[in-house]
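Q: Please take one part of this model and give me a close look at it. Then follow its surroundings outward, step by step.

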Amino acid sequence: MSNFDVFKKNSLLFAPMEGITDEPYRLAMLKTFPEWDQFFTDFLRVPTVGKINEKLVHEHYGLRIHANPEWRKKNSFQILTTPRAQTLAVVEILEDMKMHHLDLNLGCPSKKVNSHLGGAYLLSDHKALREVLKTIRDNFTGHFTVKMRIGYRDDKTFSETLKLIEGEGVEAITLHARTRDQLYKGVADWSYITEAVKQVQVPLIGNGDIWIVEDIEKIFNETKCHSVMFGRSALKTPWLAKLYKEYIEEDAHIDETFLLIERKNYLDQYFDALYREYKEVGWEDNLILKRFKSFSRNLFDDYEDFETIRGRFLRSESLAEFQDHLAALK
Ligand SMILES: Cc1cc2nc3c(=O)[nH]c(=O)nc-3n(C[C@H](O)[C@H](O)[C@H](O)COP(=O)(O)O)c2cc1C
C-alpha cells in the first residue's frame with residue numbers, strides 16, 4: 001500500500017465541506033495549521049447532461065494546489081454522482097490531471113441530491129452503487145475511497161454495504177456514524193465504527209462528533225479505527241490537530257489556562273491566513289465578510305459570554321468592523 005497520507009495510521013483528516021473547503025480555505029489551513037494530515041475539496045456534483053466543463057473540474061481542485069506537488073499530496077478530490085450522471089467523463093479528466101486520490105460521497109443527506117439518486121441514497125440501491133463504484137475503479141488509477149453513512153433509512157444493510165464497497169476495490173472507507181435520516185441529530189454512534197473496523201480489511205476512518213483532544217484519544221482507543229476525520233469540530237477548533245499532536249503525541253499535559261490564552265493567538269492566525277488567501281484570489285471585502293460571519297457561527301463557544309461575542313461578529317457591517325472586534329477580543 002502507498003505511503004499516501006490518507007493511509008498513514010492515526011491521520012487527522014479535515015473533512016470535505018461544501019461552502020467552506022474551497023482552494024483559498026484549504027491553502028490557509030495547510031499553511032497555518034499543517035498538523036492536519038489531509039484536506040478534501042467539497043463534493044463536485046457530476047452533471048447528468050451537457051459537456052463537462054474541464055476548467056471547472058480543475059478550478060474545483062484549485063490550480064495553484066495542482067501546480068505544487070507538496071500541496072497536491074495533501075489535497076484530495078471528492079465527487080458526488082448518480083447512476084445517470086457522467087461519472088466516466090469526470091473520472092477521465094481526473095486521470096488526465098494525475099489526481100492521486102478520489103473520494104466518492106455516499107453521505108450527502110440533501111433531499112434534492114437524494115431524489116436524483118446521489119449521495120447517501122446510493123447506500124439503499126446496491127445495484128446502482130456497484131455500477132458507480134465499478135465505473136470509477138475501472139477507470140481511475142489513483143487511490144479510490146468512499147465516505148459513507150451507516151445507511152439511508154436505517155442500518156439494516158450496513159454490513160452488506162461495507163462488503164460490497166470493499167469488494168469493488170475501494171481502498172479506504174470513511175464512516176460518518178449516522179444514517180441519512182438522522183441528518184445531524186443526536187450524537188454519532190461510534191459503535192458502528194468499531195463494527196466496521198472488524199468487518200473490513202481496508203483502513204476505516206472514523207467520523208462524527210469528535211470535538212476535543214480527549215475525543216480523539218477515545219475514538220482511537222474504543223473503535224481501533226485507522227484514522228479520524230473532523231467536520232464541524234474542525235470549524236469550531238481549526239487548530240485541533242495541532243493541539244492533539246502537541247499535547248498527546250508528545251505525551252504532554254493539556255494545560256487549560258495555556259489553551260485559553262493561546263486560543264486568541266490561533267483565532268488571529270486563522271482569520272489572518274484566510275484574509276490573505278481570499279485577497280490573493282481577488283475577493284471583495286464584502287464577500288470575505290460574509291464568509292467570516294459564517295465561520296463565526298462555529299467559533300467562540302468556549303468563551304464565557306460567547307453569545308454576546310458571536311453577536312458582535314455577526315452584526316458587523318464591514319470587514320473592518322469585524323477585524324476591530326477580533327482585535328478587541330481577549
Ligand atoms: C457545512 C458542511 C458541509 C459539508 N459538506 C460535505 C461535503 O461536501 N462532502 C461530504 O462528504 N461531507 C460533507 N459534510 C459532512 C462532513 O464532512 C462530516 O461528515 C460531518 O459533518 C460529520 O462530522 P462532524 O461531526 O465532525 O461534523 C458537510 C458538513 C457540513 C457541516
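A: Helices here are DSSP runs of H or I with at least four residues, strands are E runs of at least two, and both are numbered from the N terminus. Lysine 74 makes a good starting point. It occupies the loop between helix H4 (69-73) and strand S3 (75-80). The model is predicted, so local features need pLDDT of at least 70 and side-chain atom pairs pLDDT 80 or more, while totals for chains, interfaces and linings use all residues. Numbering runs from 1 along each chain as its sequence is written, and side-chain values use heavy atoms, without hydrogens or water.

Lysine 74 has a relative accessible area of 16%, so it is buried (under 20%; exposed is over 50%, partly exposed lies in between, with a 1.4 Å probe and protein chains only). Its side chain has a polar partner. A polar atom there lies 2.7 Å from the backbone oxygen of tryptophan 36. A polar contact is a pair of N or O atoms within 3.5 Å; within protein, one must be able to donate a hydrogen and the other to accept it, and residues adjacent in sequence count only if both atoms are side-chain atoms.

Lysine 74 also leads back to an earlier part of the chain. Arginine 26 is 48 residues away in sequence, yet the two C-alpha atoms are 9.6 Å apart. Arginine 26 is one of the buried residues of helix H1. H1 spans residues 23-32, and 9 of its 10 residues are buried. Among them are Glu23, Tyr25, Leu27, Met29 and Thr32. The start of H1 has its own link: a side-chain oxygen of aspartate 22 comes within 3.1 Å of the backbone nitrogen of tyrosine 25.

Next, the ligand. Its shell holds 19 residues (a heavy atom within 4 Å). Lys147, Asn207, Asp209, Gly231 and Arg232 are the closest. Strand S2 (39-45) gives the shell at least two residues, and so does helix H11 (232-236). Individual atom pairs fill in the picture. A ligand nitrogen sits 2.8 Å from a polar backbone atom of glutamate 18. A ligand oxygen is 2.8 Å from a side-chain N or O atom of lysine 147. For asparagine 207, a side-chain N or O atom is 2.6 Å from a ligand oxygen. Alone, the ligand exposes 610 Å², of which the protein buries 87%.

A second buried loop residue is glutamate 168. It lies between helix H8 (158-167) and strand S6 (172-179). Its relative accessibility is 11%, so glutamate 168 counts as buried. The side chain of glutamate 168 makes a polar contact of 3.0 Å with the side chain of arginine 130.

Two other loop lysines deserve a look. Most residues other than glycine have a negative phi. Lysine 98 has a positive phi of about 55 degrees. Its loop runs between helix H5 (87-96) and strand S4 (101-106). At a relative accessible area of 68%, lysine 98 is exposed. Lysine 224 also has a positive phi, near 65 degrees. It sits in the loop between helix H10 (213-223) and strand S8 (227-230). With 57% relative accessibility, lysine 224 is exposed. Lysine 74, where this began, is buried.

Technical notes:
Accessible areas come from the Shrake-Rupley method with a 1.4 Å probe; for residues, only the protein chains shown count as cover.
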